[in-house]
Amino acid sequence: MIEEQKKSGRPRKYDAEYFPHFCNHNRTLEIIVDKYGNEGYAFFYRLQELLGRTPSQGYDAYSDLKYEYLLSKTGVDHEKADEIITLLCDFGEIDAMMWNDEKLIWWQNFVDSLKVLYKKRKNELPTKIDFFKKVMLEKGPNQHPEIHKVKESKANNTR
């Protein structure tokens, strides 16, 4: 059979249909629930749901449209979303630098909770670096010219 005619298996999946929802809350969730009630609880888990169905398990909220989508999926207004995300950053749940600099949500503990899922699929867990690179490539050179300057200087040095 010609190589082009061979069918490959199913494409690899890099999203999650499920994630562990633990019965014992960690201190971060306890504080969020104490401060924001059921809205905080819902935000916490709805954000995880959004991350779970997003390829690479990270979320880019940089544009107004993507930020509005985040708000609609988590069910809170922008003030509460910003406050809760700030708390998640303060507790080290969400990568604070990525959020503050680029409005990117990377939640390493959440990704780590998907190890069993990815192991069953025989895929490697998504990484923060791969997520960041993917987002920066999607944004293009106009958004982050310094990334492309580094690539250009490396290319010039290899010539």
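**A buried threonine, a kinked helix and two cores**

Good morning. Thr74 counts as buried because its relative accessibility is 1%, under the 20% cut-off. I should say at once that this is a predicted model.

Where does Thr74 sit? Its place is in helix α2, which covers residues 64–74. A polar atom of the Thr74 side chain lies 2.8 Å from the backbone oxygen of Leu70. Setting aside residues up to four places away in sequence, Thr74 touches Phe43, Arg46 and Leu47.

Those three contacts bring me to helix α1, which spans residues 27–53. How far apart are the end C-alpha atoms of this helix of 27 residues? They are only 25 Å apart, whereas a straight helix would reach 39 Å at 1.5 Å a residue. Helix α1 also has a kink of about 135°, centred on Tyr36.

I turn now to the nonpolar cores. In soluble globular proteins, nonpolar side chains tend to be buried together. Here the largest nonpolar core has 29 residues, and those with the most contacts inside it are Leu47, Leu70, Leu88, Ile94 and Ile105. Two or more residues come from each of α1, α2, α3 (78–90) and α6 (115–121). Helix α1 gives the most to this core, with nine residues.

Ile105 deserves a word of its own. Again leaving out residues up to four places away in sequence, Ile105 touches Leu47, Leu51, Gly58, Tyr59, Leu70, Ile85, Ile94, Trp99 and Phe131. Apart from the largest core lies another, of seven residues, among them Leu104, Trp106, Val111 and Met136.

Thank you.

Key. Residues are numbered from 1 along each chain as its sequence is written. This is a predicted model: local features need pLDDT of at least 70, side-chain atom pairs count only at pLDDT 80 or more; totals for chains, interfaces and linings use all residues. Side-chain values use heavy atoms; hydrogens and water are left out. Helices (H or I, at least four residues) and strands (E, at least two) are DSSP runs, numbered from the N terminus. The expected span of a helix is 1.5 Å times one less than its number of residues. The bend at a residue is the angle between axes fitted to the seven residues ending there and the seven starting there. Buried means under 20% relative accessible area, exposed over 50%, partly exposed in between (1.4 Å probe, protein chains only). A polar contact is a pair of N or O atoms within 3.5 Å; within protein, one must be able to donate a hydrogen and the other to accept it, and residues adjacent in sequence count only if both atoms are side-chain atoms. Contact means heavy atoms within 4.5 Å. A nonpolar core is a set of buried Ala, Val, Leu, Ile, Met, Phe, Trp, Tyr and Cys residues joined through side-chain atoms within 4.5 Å.
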